[in-house]
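User: I would like to go through this model with you, one question at a time. Please reason each answer through before you settle on a value or a name.

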Amino acid sequence: MTIRRVLRLGHPVLRQVARPLSAAEIGSERVRQLLADMVDTLHDYGGIGLAAPQVGESLRLAIIEIAGGPTRYGDLAPMPLTVFVNPRVEVLDPATTGCWEGCLSVPGLRGFVERPRHVRIDCLDGAGTPATLELRGFAATVFQHEFDHLDGRLYVDRIADPALLAFDAEYERYHR
Ligand code: NI
């Protein structure tokens, strides 16, 4: 079990455009180990998703795990731990949905971000098999947030109103 340190806002790797994985890399021991570390790290820090650049690996790779049930984001459909390799996002409906987002790379803060509410994801799974998902609402937000990391983008870049950036305690008190 290896818990990696999650890089924080300001680390230059978080601002790089990550490179795609080759077919040969996807099943490699190195990537298998990286994914195992990312799972350990996500579970240790707590969170919904983690992208490889957040642990210092500039690769187009992310994991997402949604526990489901009632949360502060509303009732979520659960998604078991899933690996996404070289994902592409296509916007199916540009109408937006707004959400207070947080990020393990921006600890202690939340910000209100609007994103397209209906997207399609084309990617490879952890075995290199092509997969397609259609997502709406909060799930669409989660995926767009994670995959932004692969392009060197953080949710704070997408906050339209700077007044809607808050520490966790102030978010709970004034904005929830
Ligand atoms: Ni994040």
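User: Which residues form one aromatic cluster?

Analyst: The model is a predicted one, and by the centre-distance rule of 6.5 Å the count comes to 5 aromatic pairs. One of these pairs joins Phe-84 in strand S5 to Phe-147 in helix H3, 63 residues apart along the chain. The cluster itself is made up of Phe-84, Phe-143 and Phe-147.

User: How are the planes of Phe-84 and Phe-147 arranged, stacked or edge-to-face?

Analyst: Both residues of this pair, Phe-84 and Phe-147, are buried. Their ring centres lie 5.9 Å from each other, and the planes make an angle of 65 degrees. Because planes over 60 degrees apart count in this class, the arrangement of Phe-84 and Phe-147 is edge-to-face.

User: What are the protein donors of the nickel ion?

Analyst: Along the chain, the donors follow the spacing C-x41-H-x3-H. Cys-103 sits in the loop between strand S5 and strand S6, while His-149 is found in the loop between helix H3 and strand S8, 46 residues apart. At distances of 2.1 to 2.3 Å from the nickel ion, the protein donors are Cys-103 (SG), His-145 (NE2) and His-149 (NE2).

User: Is the donor residue His-149 buried or exposed?

Analyst: The cut-off for being buried is a relative accessible area under 20%. Cys-103, another donor, has 10% relative accessibility and therefore counts as buried. For His-149 the relative accessible area is 2%, so this residue is buried.

Terms used:
Residues numbered from 1 in each chain as written. Predicted model: local features only at pLDDT ≥ 70, side-chain atom pairs only at ≥ 80, totals over all residues. Heavy atoms only, no water. Donors = N, O, S within 2.8 Å, 3.2 Å for Na, K, Ca; no water. Helix = DSSP H or I, 4+ residues; strand = E, 2+ residues; numbered from the N terminus. Buried < 20%, exposed > 50% of the residue type's maximum accessible area, 1.4 Å probe, protein only. Phe/Tyr/Trp six-rings, centres within 6.5 Å; stacked < 30°, edge-to-face > 60°.
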